[in-house]
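This report describes a sheet, the helix that packs on it, and the surroundings of a ligand. The sequence and structure are shown first.

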Amino acid sequence: MATEYLPPPLDATAEEPALFDGTTRFYMTYTCPFAQRVWITRNYKGLQDKIKLVPLNLQNRPAWYKEKVYSVNKVPSLEHDGKVMGESIDLIKYVDTNFEGTSLLPNDADKKKFFEELLSHIDQFAGNVFTTFRGDSTTEAGTAFDHLENALTKYDGPFLLGDEFSLADIAFIPLVERFQIYLSEVFKYEITAGRPKVAAWIEEVNKIDAYKQTKKSDPKEIVALYKMMFSAKK
Ligand SMILES: N[C@@H](CCC(=O)N[C@@H](CS)C(=O)NCC(=O)O)C(=O)O
């Protein structure tokens with residue numbers, strides 16, 4: 001897959017796009033884990049020409065974004081078929097269902113059910129990790145990653161729903177990518193130690209071009225951001 005040109009983020013001085021002109025626009029930032037979920041989905045399905053990237057500078061975002069595009073004023077959002085939708089988990093399902101390309105959900109009913117169970121666990125997963133980020137103990141992060149290790153045994157990996165990369169992997173990997181960096185750097189805690197399934201999963205996901213193309217966060221910036229959000233840890 002050829003490397004895609006990534007346009008510069010639009011700031012407050014940028015002119016608004018010709019909204020609702022039939023173009024499908026994906027409003028995003030290059031470093032947001034929630035936008036990254038939609039970005040991976042788009043890339044994996046080969047929709048680079050069908051879904052246009054519209055990166056925003058969130059620190060100095062254009063006023064028209066809130067006023068005319070998405071009143072919630074967050075990314076990601078998707079302009080498609082005369083409407084704008086948000087929320088990354090809803091968007092990955094929407095893109096998978098409403099666009100061409102390889103399906104990212106298996107037909108198997110048990111796997112679909114397990115997918116929904118995994119999704120309903122994501123907030124708790126992140127919450128456990130954030131408890132560690134706020135304190136000194138890695139116990140809660142350990143619980144989160146033990147759960148992930150256990151989930152990966154259900155269909156014996158390498159991916160969360162078995163042999164095929166799916167929306168389940170896409171939902172988790174942008175968070176795991178960031179948590180791994182912060183836990184290693186600040187807590188000297190390696191999430192893959194003693195968790196062979198998590199280690200193999202991260203390795204497999206990192207072989208996927210559609211994902212690699214979306215890894216735009218600088219580890220130093222991830223550490224700085226979480227430090228600012230959670231603690232004064234050095
Ligand atoms: N639940 C939302 C979260 C989206 C979100 O929090 N996006 C952040 C960037 S990573 C944002 O737009 N922040 C801007 C703000 O809160 O003003 C989703 O999954 O899409």
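How far apart do the end C-alpha atoms of residues 22-103 lie, and what share of the span is helix and what share strand? In this predicted model, the end C-alpha atoms of that span lie 24 Å apart, with 37% of the span in helix and 22% in strand. Residues 22-103 are covered in the unreviewed UniProt entry by the annotation "domain: GST N-terminal". The same record places the annotation "domain: GST C-terminal" on residues 81-226, a span that is 66% helix and 3% strand and whose end C-alpha atoms are 37 Å apart.

**The sheet and its helix**

Four strands make up an open sheet with mixed pairing, in the order β2-β1-β3-β4. Its edges are formed by β2 (51-55) and β4 (83-86), each of which pairs on one side only, and from one strand to the next the twist averages 20°. Helix α1 (residues 33-44) packs on this sheet, where it touches β1, β2 and β3, and the helix direction makes about 145° with that of β1.

Strand β3 (residues 77-80) runs antiparallel to β1 (residues 24-28), to which it is joined by three bridges. Towards β4, the pairing of β3 is likewise antiparallel, here over four bridges. The table sets out residue pairs across these strands.

| Residue | Partner or opposite residue | Strand of the second residue |
|---|---|---|
| R25 | E79 | β3 |
| F26 | L78 | β3 |
| E79 | V84 | β4 |
| H80 | K83 | β4 |

E79 thus appears twice, standing opposite R25 and having V84 as its bridge partner in β4. Which residues of β3 point one way, and which the other? S77 and E79 point to one side, whereas L78 and H80 point to the other, and all of them are buried. Such a pattern has a general basis, because side chains in a regular strand alternate between the two faces of the sheet.

**The turn after β3**

The hairpin formed by β3 and β4 has two residues between its strands, and D81, which lies in the turn, has a positive phi of about 55°. Is D81 buried or exposed? D81 counts as exposed because 11 other C-beta atoms lie within 10 Å, while the cut-off for exposure is 12 or fewer. Although D81 and T24 are 57 residues apart along the chain, their C-alpha atoms are separated by 7.5 Å.

**Around the ligand**

Which residues are found around the ligand? The shell consists of C32, F34, L58, N73, K74, V75, P76, G86, E87 and S88, and these divide into five nonpolar, three polar and two charged residues. One of them, F34, falls within helix α1 (residues 33-44), and another, G86, belongs to the edge strand β4 (83-86).

Notes
Residues numbered from 1 in each chain as written. Predicted model: local features only at pLDDT ≥ 70, side-chain atom pairs only at ≥ 80, totals over all residues. UniProt positions renumbered as here; feature names shortened; annotations may be inferred. Pairing = 2+ DSSP bridges. Axes fitted to C-alpha atoms, helices over the stretch in contact; angles between N-to-C directions. Contact = placed C-beta atoms within 7 Å. Near = placed C-beta within 6 Å. Nonpolar A, V, L, I, M, F, W, Y, C, P; charged D, E, K, R; others polar. Buried ≥ 20, exposed ≤ 12 C-beta atoms within 10 Å, placed from the backbone.
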